[in-house]
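Trainee: Could you take a close look at the interior of this model, following one connected path through it?

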Amino acid sequence: MLPRKPLLAALALTLLGGTAQAADEVVVYSSRIDELIKPVFDAYTASTGVKIKFITDKEAPLMQRIKAEGDNGVADLLLTVDAGNLWQAEQMGILQPIKSDLIDQNIPPQYRASSHEWTGLSLRARTIIYSTERVKPEELSTYEALADKQWEGRLCLRTAKKVYNQSLTATLIETHGEAKTDQIVKGWVNNLSTDVFSDDNAVIQAIEAGQCDVGVVNTYYYGRMHKQNPQLPVKIFWPNQGDRGVHVNLSGIGLTKHAPHPEAAKKLVEWMTGEEAQKLFADINQEFPANPKVKPSDEVAAWGSFKADSIPVEIAGKRQAEAIRLMDRAGWN
Ligand code: FE
């Protein structure tokens with residue numbers, strides 16, 4: 001005779017165990033460097049027991065993959081940078097809203113999608129940098145003023161193909177309208193000392209090397225380079241302090257439309273907007289916490305405080321197509 005009851009009990013336990021395990025897991029598709037997120041996910045797993053699987057790739061293939069997987073999707077969350085990219089994901093219909101009072105309390109509304117389909121997690125300023133050898137900070141004022149004759153042959157920029165510059169331009173269009181932004185961007189292109197660069201690091205290096213005197217980069221690239229070389233003859237300048245403030249963008253996260261573990265994913269996102277995770281997540285990449293209750297690291301705080309543009313960052317997405325056309329017309333490669 002087979003011991004029927006114990007076997008069934010064992011089977012039931014296995015099934016229950018299996019179910020519980022499936023729920024205690026979150027799958028993240030991430031376009032961030034592994035080292036920037038692994039410690040954060042490890043901390044969550046250590047305190048909750050919830051496993052996090054993450055797959056790393058560039059944002060475009062990840063978004064395509066979520067779309068192609070459709071309702072057989074395995075990803076719960078999409079983690080990427082720039083409101084322009086998150087807005088693209090929203091337009092592709094691959095996200096769904098997260099309704100959470102906690103997230104709404106933790107993250108200011110300008111750093112979240114009005115649709116609630118994504119929220120910012122960390123902030124970075126895209127700001128002016130200058131050569132401490134050839135520029136006095138008093139000569140600098142605004143992004144717009146980098147179009148002035150004074151900077152002719154002295155400006156370095158990254159390519160217009162990068163979403164960071166598209167987002168900056170999109171916010172300029174929102175602020176000034178198309179005609180004035182057109183003039184500003186043409187002025188920048190006219191002032192370039194050399195061809196555009198493929199990344200922000202190269203812009204900083206070009207200023208260091210004397211190829212140009214001013215540039216526009218994300219703060220964490222400067223932070224990394226300054227950490228390697230504290231004598232770096234390049235400094236950060238906070239523009240537009242007399243008007244709208246510095247252009248701030250973010251890294252953020254959204255819940256996928258067909259998330260297999262939506263509740264577990266929501267809990268993870270809520271935790272990521274809280275104090276413990278915000279500190280970890282922002283400090284690793286020398287970014288600013290998106291939760292204003294959390295202080296930046298000493299390294300980041302040393303750059304000085306500044307007024308940030310309060311424009312909702314989703315404008316970067318809404319005006320992205322216009323921005324790309326305008327940059328193209330202006331000859332920004
Ligand atoms: Fe970056």
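Mentor: A polar contact is a pair of N or O atoms within 3.5 Å, one able to donate a hydrogen and the other to accept it, and residues adjacent in sequence count only if both atoms are side-chain atoms. This is a predicted model, in which local features need pLDDT of at least 70 and side-chain atom pairs pLDDT 80 or more, while totals for chains, interfaces and linings use all residues. Residues are numbered from 1 along each chain as its sequence is written, and side-chain values use heavy atoms, without hydrogens or water.

A convenient place to begin is Gln278, whose side chain reaches the backbone oxygen of Leu121 at 2.9 Å and, at 2.8 Å, the backbone oxygen of Met272. Gln278 belongs to helix H11, residues 275–284 (helices are DSSP runs of H or I with at least four residues, strands runs of E with at least two, numbered from the N terminus). With a relative accessibility of 0%, Gln278 counts as buried (under 20% relative accessible area, 1.4 Å probe, protein chains only). Leaving aside residues up to four places away in sequence, the residues that Gln278 touches are Leu121, Met272, Thr273, Pro289, Ala290, Asn291 and Val294 (heavy atoms within 4.5 Å).

From there the path leads to helix H9, which spans residues 219–228. Within H9, the buried residues are Thr219, Tyr220, Tyr221, Tyr222, Gly223 and Met225. Their cover includes strand E5 (118–131), helix H6, helix H8 (200–208), strand E7 (214–218), strand E8 (234–237) and strand E10 (288–289).

Two of these H9 tyrosines, Tyr220 and Tyr221, serve together with Tyr164 as the protein donors of the iron ion, each through its OH atom and at 1.9 to 2.1 Å (donors are N, O and S atoms within 2.8 Å of the metal, or 3.2 Å for Na, K and Ca). Along the chain, the donors follow the spacing Y-x55-Y-Y. Because Tyr164 lies in H6 (residues 163–176) and Tyr220 in H9, this pair of donors ties together parts of the chain that are 56 residues apart in sequence. Tyr164 counts as buried at 5% relative accessibility, and Tyr220 does so at 3%.

The next residue to follow is Tyr222, through its ring (rings of Phe, Tyr and Trp, the last by its six-membered ring, pair if their centres lie within 6.5 Å, with planes under 30 degrees apart stacked, over 60 edge-to-face and the rest tilted). By this rule the model holds eight aromatic pairs. In one of them, the ring centres of Trp188 and Trp332 are 5.8 Å apart and the planes stand at 80 degrees, so the pair is edge-to-face. Trp188 is in helix H7 (residues 178–191) and Trp332 in the segment after helix H14 (320–329), which places the partners 144 residues apart; both are buried.

Tyr222 itself forms an edge-to-face pair with Trp303, at 6.3 Å centre to centre and with 75 degrees between the planes. Since Tyr222 lies in H9 and Trp303 in the loop between helix H12 (298–301) and helix H13 (315–318), this pair ties together parts that are 81 residues apart in sequence. Tyr222 is buried, with a relative accessible area of 5%, and Trp303 is buried as well, at 14%. Tyr222 and Trp303 also belong to one aromatic cluster with Trp238, Phe288 and Phe306.

For the setting of these details, the chain has 14 helices and ten strands, and 53% of its 333 residues are buried. Of the contacts between residues at least 6 apart in sequence, 79% join residues at least 24 apart.

How values were computed
Buried means under 20% relative accessible area, exposed over 50%, partly exposed in between (1.4 Å probe, protein chains only).
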